[in-house]
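Here's a quick briefing to read alongside the coordinates. Have the viewer open and click through as you go.

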Amino acid sequence: MQLQEGQVDADLTRELTDTIRRVVDERLIPAEEEVAASDRIPEEIGKLLRELGLFGISVPAAYGGLGLPLEAEVEILFELCRASVAFRSMLGTNNGIGSQGIVIDGTEEQRRHYLPRIASGELIASFCLTEPDSGSDAASLSARAQQDGDDFVISGTKRYITNAPEAGLFTVMARSEPEVPGAGGISAFLIEADTPGITVGAWDKKMGQRGAHTADVIFDGVRVPASAIIGGPAKRGQGFKTAMKVLDRGRIHLSAVCIGAAQRLLDEALSYAMERQQFGEAIAQFQLIQAMLADSKAELYAARCMTLDAARRFDAGERVPLLASCCKLYASEMVGRVADRAVQIHGGAGYMADYAVERLYRDARLFRIYEGTTQIQQIVIARGMIREAEQALGR
């Protein structure tokens, strides 16, 4: 299954989404309780997702990926993320910063060396930006990359790093130009996980999303050549710009994840409402229950339309940072509201672990926090609006 980059083959997209829909219903949803209990995704499911090519959705076909445009990727995520988002998490970084930084700014040697293994799922990529004292203010990171001859020596601690326990490759943001303040002195390094000096901490114990692992990654005098910089030595000090280039795609991707999760929550709520009897009839017949179902459906539809529109604009070559932030803000807040209503519709049962909505509710809470909090998206959107208005006024 391969496309020319930038093209949408409707039949291929439909075939793949139909396959994923069946896999979700027949394999992934039935495995959710096992994943939640063991905090691990069964190896046979990981193998299945690799065989479907899902670790390389966004990797160009020339390097072994599916080479799908963003619109097709979004359609796939709508289906895949009806199942526990832990399944998406195991392959999500490979399709985001793990591959796209290399695709956009990497050297040809870096692309040929890493992208085929990333696309096949042989190599799990992980992105190391957040630090104990640097989260939303990512430009203030303190990890250092000190030059020593033709090499750089990297030291610092990264926190909440997704897929760190499984990663074979880290993209590490470190300050290579200490005299340059803010984002301008940061370089992005490709560092293989078995490089001496790297320690991965214990798995974080999280509120939800069991099966999706995060951990601290400590770099203690890790020596890498200058060629490890994404784009080579010529891209020294450009790492933060590389990260920003892939954020538009990443925020639209995550919006689609929220939509898939919201669809599952709404399906669970509707099914329960149609079966649960009170006062001699199904509670789906009660108008206040209907109001919660209707509000959820309308908001889900709005988020879906926004995300598809932004994806199509991105594929057409339009710059969409403001629209991507709008999608991420709305979709992540939307899934939180849908999750809350789903629990409410279930009543006391919704608070019990016997029902999927209890777990899905906890899983959904993270969406408003990671990859840019709601409040950060509000700042990005407002500043973008102001900047566009000033440009229109010639200021």
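What follows is a short tour of confidence, cores, salt bridges and a few odd residues.

Keep in mind that this is a predicted model. The mean pLDDT of the protein is 94, with 98% of its residues at 70 or more. The part to treat separately is residues 1-6, where pLDDT stays under 50.

**Nonpolar cores**

- The largest nonpolar core has 73 residues, and L54, F87 and F367 are the ones that touch the most other members.
- Elements giving two or more residues to this core include α1 (10-38), α4 (85-95), α8 (287-315) and α9 (321-346).
- The biggest contributor is α7, with 13 residues.
- Looking past its neighbours up to four places away in sequence, F367 touches V85, Q209, L254, V257, C258, A261, K328, S332 and V335.
- There's also a second, separate core of 42 residues, and C128, I154, M173 and V224 are among them.

**Helix α10**

- Seven of the nine residues of α10 are buried, so this helix is mostly covered.
- The buried set is A356, V357, E358, R359, L360, D363 and A364.
- Among the elements covering these buried residues are α1, α4, α7 and α9.

**Salt bridges**

- The structure holds 26 salt bridges.
- Within α1, R21 pairs with D18, and the closest N and O atoms are 2.7 Å apart. The two are separated by about one helical turn because they sit three residues apart in that helix.
- Both partners count as partly exposed, R21 at 33% relative accessibility and D18 at 26%.
- That pair belongs to a wider network of salt bridges linking D18, R21, D25, E79 and R82.
- D105 and K245 meet in a salt bridge at 3.1 Å, N to O. D105 is in helix α5 and K245 in helix α7, so this pair ties together parts that are 140 residues apart in sequence.
- In that bridge D105 counts as buried at 10% relative accessibility, while K245 is partly exposed at 41%.
- R337 bridges to E299, with the closest N and O atoms 2.7 Å apart. With R337 in helix α9 and E299 in helix α8, the pair ties together parts that are 38 residues apart in sequence.
- Here R337 is partly exposed at 31% relative accessibility, whereas E299 is buried at 15%.

**A buried arginine without a salt bridge**

- R175 lies in strand β4 (residues 169-175).
- This residue is buried yet has no salt bridge, and the nearest side chain of opposite charge, E131, is 7.8 Å away. The cut-off for a salt bridge is 4 Å, so E131 is out of range for R175.
- What the R175 side chain does reach is the backbone oxygen of G182, at 2.7 Å.
- Beyond four places in sequence, the contacts of R175 include A139, L141, R144, P181 and I186.

**Other residues worth a click**

- S99 sits in helix α5 (residues 97-105) and is buried, with a relative accessible area of 0%.
- Setting aside neighbours within four places in sequence, S99 is in contact with S58, V59, T93, N94, L115 and I118.
- N163 has a positive phi, near 65°, despite not being a glycine. N163 is in the loop between β3 (151-162) and β4, and is buried at 4% relative accessible area.
- E371 is another non-glycine residue with a positive phi, near 55°. E371 is in the loop between α10 and α11 (374-392), and counts as partly exposed at 40% relative accessibility.

Conventions. Residues are numbered from 1 along each chain as its sequence is written. This is a predicted model: local features need pLDDT of at least 70, side-chain atom pairs count only at pLDDT 80 or more; totals for chains, interfaces and linings use all residues. Side-chain values use heavy atoms; hydrogens and water are left out. A nonpolar core is a set of buried Ala, Val, Leu, Ile, Met, Phe, Trp, Tyr and Cys residues joined through side-chain atoms within 4.5 Å. Buried means under 20% relative accessible area, exposed over 50%, partly exposed in between (1.4 Å probe, protein chains only). Helices (H or I, at least four residues) and strands (E, at least two) are DSSP runs, numbered from the N terminus. Contact means heavy atoms within 4.5 Å. Lys and Arg count as positive and Asp and Glu as negative; His and the chain ends are not counted. A polar contact is a pair of N or O atoms within 3.5 Å; within protein, one must be able to donate a hydrogen and the other to accept it, and residues adjacent in sequence count only if both atoms are side-chain atoms. pLDDT is the predictor's confidence in each residue, from 0 to 100.
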